[in-house]
Structures are given as structure tokens and as C-alpha cells.
Amino acid sequence: MILIKNATIYNPDFMGINDILVAGDKIISVEQNIELNTNALEIEIIDANDKIIIPGYIDQHVHVIGGGGEDGPHSRTPEVVLSNVIKAGVTTLIGVLGTDATTRHLESLLAKVQGLEKEGVTTYMLTGAYEVPLVTILEDARRDIILIDKVLGIGEVAISDHRSSQPTLDELKRIVTQGRLGGMLSGKAGATQFHVGDGKSGISMLFDIIHETEIPPNHLIPTHINRSHKLLKEGMEFAKLGGYIDMTACMGSSELTTPIAIRLCKENNVPMTQITMSSDGNGSMTKYDDKGKVTGLTAAKMDTLHQVVKDTILSEKIPPEEVFAMCTKNPAQANGLWPQKGAIAKDSDADLLILDKNYDILSVMAKGKFMLKNKQLLVKGTFE
């Protein structure tokens with residue numbers, strides 16, 4: 001058992017100073033003052049005075065087996081390793097495929113998320129990839145969601161991008177319907193994530209799906225929505241209709257950094273509950289010239305997630321609880337994981353981040369176990 005005393009808690013809503021009692025992998029109590037007077041149990045007591053505690057981050061878009069490949073086999077990005085997940089403050093992640101569903105496979109993605117789970121964090125995945133018709137493990141995406149525990153939904157399906165398969169509106173309607181039905185029959189969210197490129201059509205087809213079908217907007221999650229001012233404006237309207245929009249932490253320019261994009265959403269009265277943020281971790285950040293030739297290639301880093309959280313609070317003056325929610329409660333709700341994940345409450349999973357008053361990460365707890373403590377990494381992946 002672990003008893004954390006005198007912590008300033010964000011749930012992610014501000015809760016003031018409280019104690020947290022952890023037993024096994026669960027939070028069993030959050031109270032103003034918890035006292036345990038017994039010699040029958042081994043209890044570690046941690047004084048968190050002047051420390052901030054928030055739920056562990058939920059990164060809903062990570063290329064755990066790597067991404068990229070747009071400039072040939074040598075440009076494939078590497079797999080995620082556990083230490084980078086932990087140092088980023090991520091305790092739950094959702095793995096995705098990307099551009100390449102030929103030399104990378106959903107079966108490999110499933111094995112990787114199972115491996116990371118064994119190493120100490122919580123993991124899920126999406127079925128499908130950029131291309132349409134969807135690649136799946138079983139006969140179709142609906143069956144993947146229903147029959148494979150790790151599969152929460154579909155994605156990332158590419159639209160408005162030269163690397164997409166240029167899907168039709170009817171094809172996208174069928175995909176989203178498969179996700180919704182699979183979610184209903186399995187008790188999962190069944191949402192579909194859409195990779196949105198810089199094409200002229202933006203997310204127009206997602207608006208068409210909302211207006212022409214009975215599918216609730218929250219089943220559609222466009223990501224990379226902070227790619228441009230034009231796309232962000234469309235995303236704002238989408239969020240006001242009840243859909244989720246996902247910011248990519250590593251994306252942006254000097255004119256539109258991710259913190260600025262978040263501030264613009266707030267200034268335009270976008271419900272902050274509808275905004276999530278992910279890292280695109282280990283995905284390729286590819287640059288092209290006007291002829292479509294690759295001119296630059298780097299891999300996205302998971303730790304940009306926390307850096308943007310910190311910068312948004314400090315530089316854009318957005319209330320901490322609203323920023324924390326974008327990486328905790330909001331993605332948990334979008335993916336059907338709330339309140340087991342993304343909360344500090346009785347019976348929630350003991351996934352916690354301890355921050356100092358400058359919002360730097362001091363310690364990371366996943367499933368009730370410290371993985372990083374006082375900035376010292378305690379656990380590494382099997383082959384690190």
C-alpha cells in the first residue's frame with residue numbers, strides 16, 4: 001500500500017489538498033486526511049507537500065511499432081520503448097498503424113501493445129490504417145472491436161491527404177457505422193480516428209456524416225486538427241457540434257503552435273471538454289516540396305505531450321484543470337475508459353503523475369507501481 005499525503009490534486013478538476021491511498025493497482029481512497037495506524041500492513045508513506053498530482057496521461061495516438069516509410073524502407077521510424085513512454089508521463093496509450101499497412105501489420109501492433117502492457121503500462125489499439133478498404137485482423141473492423149479485447153475502435157483512416165486512398169463519403173459512413181456497432185456490442189466506445197492532411201476538403205466529409213446519418217458526432221475523432229488555421233477553424237465548429245478534436249502536440253508553426261491553437265479554441269468558445277491531445281509518438285514528421293518529394297524526415301516524440309501541457313498553462317494562461325483534462329479525462333471519455341482511467345477517485349486505476357510547482361514531472365506511477373520516482377527511472381523495457 002502507498003499513502004500519499006498533503007498533495008494538491010487535480011482530478012483533473014481542482015480538488016485542493018488531499019491524501020491518496022493506493023492498494024495494489026487501484027486508488028481505494030481520496031480524503032482530506034487519511035491515517036493508518038496498523039502494523040499489519042506494509043505501507044509506504046510519501047509526503048507530497050507543495051506537489052501537484054494529476055492522473056497519468058492517456059496518449060490516444062501512438063505509432064508503437066513505428067511509422068513512416070514515405071521515403072523508402074530506410075525511412076521507417078523505430079518502435080516505441082517503455083522508458084520513453086514513462087518519461088513522457090504516459091500511463092495509458094492507444095497504438096495505431098499509419099501510412100504503411102503492407103510491411104507493418106495489425107498482428108504486430110497487437111503483439112507490441114500486449115508487450116508494453118506486460119512491461120507495466122496500460123495499452124490498447126485501433127484496427128485499420130490509412131487505407132480504405134480497411135485492413136483488419138478478423139473479417140472486418142466490427143469483429144475486431146467485439147472479439148479482441150485490446151481493440152477499442154478504428155483508425156487512423158486518412159482523409160484530405162495525398163497518402164490516403166481517397167475514400168468516398170459512403171465508404172466512410174460504412175466505416176464509422178462498423179465502429180459504432182462494434183462498440184455497442186462490446187461495451188466499448190467504438191470511435192473512429194481520422195488522420196487529416198492539408199488537403200482542400202479538410203473535414204467536410206465528417207460534417208456530411210454527422211448531417212446525413214444518425215451517428216453521434218462523438219464517434220468521429222479528427223486528429224492533427226492544429227495543422228493549419230483553416231483546419232483548426234473547421235475543427236472548432238466540429239467540436240461545437242459535439243465531436244472530439246485531437247491536437248497533435250508536436251505539430252505547428254511559429255504562427256500556430258499547439259498552445260496557441262488551444263488558446264484560440266478557448267477564445268472562440270469551443271467546449272474544452274471536446275478537445276484531446278496526443279503525441280503521434282514515433283510517427284514520421286515528413287516534409288515535402290511542391291513536387292511531392294520528401295525533403296525532411298524526423299520521428300515525433302512522446303514527451304512533446306507534457307511540454308505542450310506545461311507551455312499552455314504558463315504561456316497561454318489556460319487554467320491547469322482544462323489543460324490536464326485534454327490528456328486525461330477527455331481522451332478517457334472519448335475512448336470509453338472513464339472513470340477507470342483519467343481520474344483520481346475511489347476505484348480508479350492508480351495511474352498518477354507527481355509534478356513540482358513548475359509543472360515538471362517528478363514521479364510516474366502506473367498500475368500502482370512507481371515507474372519513475374524523483375526523476376529517476378526505475379523500470380525499463382525488456383531489451384533496453
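Is Glu316 buried or exposed? The exercises below lead to the solution. The model is predicted: local features require pLDDT of at least 70, side-chain atom pairs count only at pLDDT 80 or more, and totals for chains, interfaces and linings use all residues. Residues are numbered from 1 along each chain as its sequence is written, and side-chain values use heavy atoms, with hydrogens and water left out.

**Exercise 1. Determine the accessibility of Glu316 and describe its salt bridge with Arg263.**

Step 1. Buried means under 20% relative accessible area, exposed over 50%, and partly exposed in between (1.4 Å probe, protein chains only). Glu316 has a relative accessible area of 17%, and therefore is buried.

Step 2. A salt bridge is a side-chain nitrogen of Lys or Arg within 4 Å of a carboxyl oxygen of Asp or Glu. In the bridge between Arg263 and Glu316, the closest N and O atoms are 2.4 Å apart.

Step 3. Helices (H or I, at least four residues) and strands (E, at least two) are DSSP runs, numbered from the N terminus. Arg263 belongs to helix H7 (residues 258-267), while Glu316 is in the loop between helix H8 (304-315) and helix H9 (320-326); the pair links distant parts of the chain, 53 residues apart.

Step 4. The relative accessible area of Arg263 is 23%, so this residue is partly exposed.

**Exercise 2. Characterise further salt bridges, including the one between Asp19 and Lys5.**

Step 1. The model has 21 salt bridges by this rule.

Step 2. The closest N and O atoms of Asp19 and Lys5 are 2.7 Å apart. Asp19 is in strand S2 and Lys5 in strand S1, with their positions 14 residues apart in the chain.

Step 3. Asp19 has a relative accessible area of 0% and is therefore buried. Lys5, at 12% relative accessibility, also counts as buried.

Step 4. Asp349 bridges to Lys341 with closest N and O atoms 2.8 Å apart, and both residues are buried. A network of salt bridges links these two residues with Lys26 and Asp351.

**Exercise 3. Classify the aromatic pairs of Tyr10 with Phe14 and of Phe207 with Phe238.**

Step 1. Rings of Phe, Tyr and Trp (its six-membered ring) pair if their centres lie within 6.5 Å; planes under 30 degrees apart count as stacked, over 60 as edge-to-face and the rest as tilted. The count by this rule is 4 aromatic pairs.

Step 2. The rings of Tyr10 and Phe14 are 5.2 Å apart centre to centre, with 55° between the planes, and the pair is tilted. Tyr10 is buried at 11% relative accessibility.

Step 3. Phe207 and Phe238 form an edge-to-face pair, with 5.8 Å centre to centre and 85° between the planes. Phe207 lies in helix H5 (residues 204-212) and Phe238 in helix H6 (residues 229-240), so the pair ties together parts that are 31 residues apart in sequence.

Step 4. Both partners are examined for burial: Phe207 is buried at 16%, and Phe238 is buried at 0%.

Step 5. Ring pairs also join Tyr10, Phe14, Phe324 and Tyr359 in a cluster.

**Exercise 4. Describe the nonpolar cores and the contacts of Val64.**

Step 1. A nonpolar core is a set of buried Ala, Val, Leu, Ile, Met, Phe, Trp, Tyr and Cys residues joined through side-chain atoms within 4.5 Å. In soluble globular proteins, nonpolar side chains tend to be buried together.

Step 2. The largest core has 84 residues, of which Val64, Phe194, Met247 and Met277 touch the most other members.

Step 3. Contact means heavy atoms within 4.5 Å. With neighbours within four places in sequence left aside, the contacts of Val64 include Glu79, Leu93, Lys112 and Leu116.

Step 4. A second, separate core comprises 17 residues, among them Ile2, Ile20, Ala350 and Phe370.

**Exercise 5. Locate the cis peptide bonds at Pro12 and Pro133, and the positive phi values of Gln166 and Asn282.**

Step 1. Most residues other than glycine have a negative phi, and most peptide bonds are trans.

Step 2. The bond from Asn11 to Pro12 is cis, with omega near 10°; Pro12 occupies the loop between strand S1 (2-10) and strand S2 (14-23). The bond from Val132 to Pro133 is cis, with omega near 0°.

Step 3. Gln166 has a positive phi near 55° and is exposed at 54% relative accessibility. Asn282 has a positive phi of about 65°, but is buried at 11% relative accessibility.
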